[in-house]
Amino acid sequence: MELPQDFKERMKSQLGDSYAEFIAVYEKERVCGLRYNPLKIDVSKLKSLLLKQGITLAQTSWAEEGFYYPPDAQPGKLALHEAGAYYIQEPSAMTAAALLDPKPGEKILDLCAAPGGKSTQIAGRMLGRGLLVSNETVSQRAKILSRNIERMGIANAVVLNETPEHLAEYFPHFFDRILADAPCSGEGMFRKDENARGEWSLENTLLCARRQRDILAQAVRMLKPGGILVYSTCTFAPVENEETVQWLLQEYPELTLESNGHIWPHLDRGEGHYTARFRMEGVDLKCENTNAEVADIVEILVKKQKKYSQGNKKRMQESGPGAEAVMKMKMQMFAQFCEETLAEKTAAWILNEIQIHTKLRSGRLAAFGDQLYILPEGIYSLEGLKTERAGLQLGCCRKNRFEPSHALAMALRPQDVKHAVELEDPARYIRGETISCSGQKGWVLMTVEGCSIGWGKASAGIIKNHYPKGLRREGRK
């Protein structure tokens with residue numbers, strides 16, 4: 001493999017006696033990894049299912065949900081992958097979210113989130129509880145991020161396409177934990193990506209370092225006192241790693257460095273990653289002795305988001321005669337769908353969450369045209385933010401009926417619905433073919449080894465395929 005000469009010279013100076021061992025790695029085959037998705041499947045079941053396909057898994061030492069698989073295996077071609085049972089990810093990239101150590105119920109920001117590997121790992125550890133904001137500044141990459149959030153069945157994530165500066169204005173001192181996996185020179189991707197090698201230069205490492213520091217400055221503004229910030233890169237350049245950490249500590253003395261270090265490809269089974277974990281000194285907002293300044297900041301944010309929410313309601317009422325009645329009708333259609341399609345406990349929980357079962361109030365229900373969403377708990381409005389995915393997309397109200405979304409199917413489990421059909425030949429469903437059935441009528445959740453993969457609509461012994469046309473393809477087992 002041809003590596004940039006300046007890169008080799010810098011690494012030789014950086015590593016000294018271990019340089020020869022490091023450089024020899026680039027003549028070897030790269031390692032491959034995947035993470036199981038606890039929102040969709042049990043790890044022991046996944047290991048057993050993949051073993052039947054001839055794929056053996058070996059656990060990583062730094063992420064309990066992460067595994068290596070043989071380089072000649074192709075788990076991305078299996079229907080289980082389409083069903084969100086696992087996410088294919090370079091093993092050392094799993095260290096950042098593991099170090100962040102997210103907890104259910106927290107408010108967490110993944111500031112540079114595309115394509116979604118770290119966000120989906122964070123969401124798996126949150127177990128559907130709390131708020132995950134996944135942000136990506138590049139519009140096309142934000143769409144890819146949103147699709148991965150959907151595939152993994154994540155219901156409590158908002159996907160934004162915003163600048164860090166605007167986010168910091170909107171969410172001052174708001175998040176319990178923030179991951180800043182900043183754009184970098186990508187030296188840890190050299191074995192995987194020829195473009196990363198071709199675009200590399202010493203000048204680019206300096207440019208990346210300046211951009212990383214701008215991103216981190218905004219991240220600090222959004223972190224709660226007592227909160228955790230994890231900074232990570234997939235590069236070895238000191239200017240982007242250790243020197244940036246030192247800069248951050250000098251600029252923000254309220255931060256304490258708790259740990260930092262490298263995954264080295266010649267020492268560990270990974271392509272290379274750097275992580276640093278910081279804690280914001282100050283009073284934890286969950287403590288009784290929260291200081292007045294912090295309380296004031298949070299109160300301002302809550303009032304601002306409530307104001308946006310009230311503004312939305314006012315605009316809905318002023319948008320034309322009967323607008324409120326139209327919204328009420330949409331909620332009634334969705335309530336009818338829940339009662340007809342979902343299991344009793346699941347329907348009751350969803351209707352209670354969005355407060356439409358009796359009083360038909362909007363609660364956390366948000367309407368964008370004919371599309372209905374449930375906003376994650378902890379956020380009042382997305383007014384003023386470029387939003388790619390506003391929480392869990394429920395579906396669309398059209399022609400006096402409610403049509404559920406693919407995202408809703410992916411977030412449900414077989415026990416959440418009245419009718420689920422396990423696919424004997426998932427490839428047929430993924431190709432868009434109809435499926436025969438007996439007895440079912442109406443919306444049916446289609447599953448692969450117990451993992452939801454999409455909707456079908458049953459009638460007269462046939463299930464009409466509602467797998468999204470943009471996802472249909474050949475070759476899945």
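**Notes on the predicted model: cysteines, a sheet and a loop**

1. Let's start with cysteine 396: this residue is buried, and its relative accessible area is just 6%. Keep in mind that you are looking at a predicted model.

2. Does cysteine 396 have a sulfur partner, or is it on its own, and which cysteine sulfur is nearest? Cysteine 396 takes part in no disulfide, and the nearest cysteine sulfur belongs to cysteine 397, 6.6 Å away. Because a pair counts as a disulfide when the sulfur atoms lie within 2.5 Å, that distance doesn't qualify. In fact, you'll find zero disulfides in the structure. As a reminder, a disulfide is a covalent bond linking the sulfur atoms of two cysteines.

3. Cysteine 32 is another one to click on: with a relative accessible area of 10%, cysteine 32 is buried.

4. Now for the sheet. Four strands form an open sheet in the order 2-3-1-4, and the pairing is antiparallel. Strand 2 (58-59) and strand 4 (86-88) sit at the edges with a single partner strand each, so each has one side with no neighbour in the sheet.

5. Have a look at how strand 2 meets strand 3 (residues 66-69): they run antiparallel, joined by two bridges. Across from alanine 58 you'll see tyrosine 68 of strand 3.

6. Last stop, glutamate 29. You'll find this residue in the loop that links helix 2 (19-24) to strand 1 (32-36). Is glutamate 29 buried or exposed? Its relative accessibility is 61%, so glutamate 29 counts as exposed.

7. What does glutamate 29 touch, leaving aside neighbours within four places in sequence? Its contacts are Pro71 and Arg191. Glutamate 29 and proline 71 are 42 residues apart along the chain, yet 7.8 Å separates their C-alpha atoms.

Terms used:
Residues are numbered from 1 along each chain as its sequence is written. This is a predicted model: local features need pLDDT of at least 70, side-chain atom pairs count only at pLDDT 80 or more; totals for chains, interfaces and linings use all residues. Side-chain values use heavy atoms; hydrogens and water are left out. Two strands pair if DSSP finds at least two bridges between them. Buried means under 20% relative accessible area, exposed over 50%, partly exposed in between (1.4 Å probe, protein chains only). Contact means heavy atoms within 4.5 Å.
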